[in-house]
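Hi there,

As promised, here is the structure I mentioned, followed by my notes on it. Please have a look whenever you get a moment.

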Amino acid sequence: MQDKVSVVTPSWNSEKYIVDTIQSVQAQTYTNWEMIVVDDCSSDRTVEIVEAIAKEDPRVRILQQQVNGGAAKARNRSLQETTGRFIAYLDADDIWKPEKLEKQVQFMKDNHCGFSCTSYEVIDDEGNALNKCIHMLPKVDYVGFLTNNLLQTVGIMVDTSIVDKKYLVMPDMRRRQDAATWLQILKAGYDCYGLDEILAEYRRTVNSLSSNKLKAVKGVWSLYRDIEHLSLPFSCYCFVRYAFLAVWKRIYIGKRGNMR
């Protein structure tokens with residue numbers, strides 16, 4: 001029997017994308033899953049859409065927040081409701097390839113690892129590929145993640161038979177709460193193993209928090225100093241490496257895209 005995978009999905013005004021997101025889960029070759037969508041006070045038709053899907057597929061559930069509290073609180077509420085051995089994260093505008101769960105669960109079992117991330121590609125608002133693929137390293141530890149932020153929520157999976165669920169509780173932050181959570185897991189001694197296969201699509205929308213480069217830079221620095229409480233010299237070291245690798249990846253990926 002397959003071990004259940006619990007899919008954690010926060011949503012907010014996601015009517016444009018949520019159907020494609022849920023359908024990508026329903027299309028999985030791995031069928032023992034539950035998807036818990038926690039809506040953060042949407043003002044559009046997100047709740048109505050998910051409720052209609054849930055009536056047809058009981059593996060999909062929706063919960064509604066009474067007060068808009070951000071993605072961290074929505075994910076934490078979803079986490080409380082999970083019943084699966086494996087926890088996987090999928091935001092309401094991202095997409096999985098059909099074999100994502102099957103291949104990642106098997107990868108984690110074969111390698112006896114509690115924390116993993118798949119490689120992924122970046123798409124735009126309309127789902128068009130941006131010729132940007134992020135490839136995972138074989139293994140990332142705490143310092144490695146601080147200086148080379150490769151991990152993305154859409155590719156993350158955790159085996160709760162190995163990693164205590166308490167490390168998955170996200171800090172109450174409006175920005176970079178996911179990165180802070182991965183650091184919690186890494187700091188606890190669980191390295192993240194990379195499955196270098198493109199099994200997910202990360203949507204970079206025009207108005208997304210991560211699309212604003214200046215805010216992203218400030219968020220990284222705040223993560224070092226305010227959340228991880230790194231020393232100033234070590235923060236500077238991590239930031240310089242982070243910036244260098246970010247520029248290098250952009251140049252490298254651009255060259256690969258032009259060669260196609």
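Which residue stands opposite I87 of strand 4? The partner is S6. Before I go on, please keep in mind that this is a predicted model.

**Strand 4 and its neighbours**

S6 and I87 belong to a pairing in which strand 1 (residues 5–11) and strand 4 run parallel, joined by 4 bridges. Strand 4 (residues 86–89) also pairs with strand 9 (residues 156–159). That second pairing is antiparallel and has 3 bridges. I87 takes part here too, with V158 as its bridge partner in strand 9. As for the side chains of strand 4, F86 and A88 point one way, while I87 and Y89 point the other way. All four of these residues are buried.

**The hairpin of strands 6 and 7**

Further along the chain, strand 6 (residues 115–123) pairs with strand 7 (residues 129–134) in the antiparallel sense, over 3 bridges. Within this pairing, I123 is set opposite A129 of strand 7. The two strands form a hairpin, with 5 residues between them. In the turn you will find G127, whose phi is positive, at about 85 degrees.

Strand 6 also holds S116. S116 counts as buried because its relative accessibility is 0%. Its side chain has a polar partner: the side chain of Q104, at 2.9 Å.

**Two histidines with positive phi**

A positive phi in a glycine may not catch your eye, but two histidines might. Most residues other than glycine have a negative phi. H112 has a positive value, near 50 degrees. H112 sits in the loop between helix 4 (100–111) and strand 6, and H112 is exposed because its relative accessibility is 67%. H229 likewise has a positive phi, near 55 degrees. The loop that holds H229 runs between helix 7 and helix 8 (232–259). With a relative accessible area of 61%, H229 is exposed as well.

**Cysteines**

How many disulfides does the structure hold? The count is 0. Why is C113 not bonded to C192? The sulfur of C192 is the closest cysteine sulfur to that of C113, yet the two are 7.9 Å apart, so they are too far from each other for a bond. C192 is in no disulfide either, and the nearest cysteine sulfur to C192 is that of C117, 5.5 Å away. For reference, the cut-off used for a disulfide is 2.5 Å between the sulfur atoms. As for their surroundings, C113 is buried at 2% relative accessibility, and C192 is buried at 1%.

**A cavity beside helices 5 and 7**

Searching the whole structure turned up 2 cavities of 30 Å³ or more. I looked at the second largest, which contains about 50 Å³ of space. Its lining is made up of F145, L146, N149, R176, V220, L223, Y224 and Y242. The elements that contribute two or more residues to this lining are helix 5 (142–147) and helix 7 (213–227). Helix 7 supplies the largest share, with 3 residues. Sorted by class, the lining has 6 nonpolar residues, 1 polar residue and 1 charged residue.

**T147 in helix 5**

Finally, a word on T147, which lies in helix 5. Is T147 buried or exposed? T147 counts as buried because its relative accessibility is 4%. What does the side chain of T147 reach? One of its contacts is the backbone oxygen of G144, at 3.4 Å. In addition, a polar atom of the T147 side chain lies 3.1 Å from the backbone oxygen of V143. There is also a contact across the sequence: T147 and Y242 are 95 residues apart along the chain, but their C-alpha atoms are 4.7 Å apart in space. Y242 may look familiar, as Y242 is one of the residues lining the second largest cavity.

That is everything from my side for now. Happy browsing!

Best wishes

Technical notes: Residues are numbered from 1 along each chain as its sequence is written. This is a predicted model: local features need pLDDT of at least 70, side-chain atom pairs count only at pLDDT 80 or more; totals for chains, interfaces and linings use all residues. Side-chain values use heavy atoms; hydrogens and water are left out. Two strands pair if DSSP finds at least two bridges between them. Buried means under 20% relative accessible area, exposed over 50%, partly exposed in between (1.4 Å probe, protein chains only). On a 1 Å grid over the protein atoms alone, a cavity is a set of points where a 1.4 Å probe fits but cannot get out, and a pocket is an open set with protein on both sides within 12 Å along at least five of seven lines; lining residues have an atom within 4 Å of a point. Grid points are joined across faces, edges and corners, and a volume is the space filled by probe spheres set on the points. Ala, Val, Leu, Ile, Met, Phe, Trp, Tyr, Cys and Pro count as nonpolar, Asp, Glu, Lys and Arg as charged, and the others, Gly among them, as polar. A polar contact is a pair of N or O atoms within 3.5 Å; within protein, one must be able to donate a hydrogen and the other to accept it, and residues adjacent in sequence count only if both atoms are side-chain atoms.
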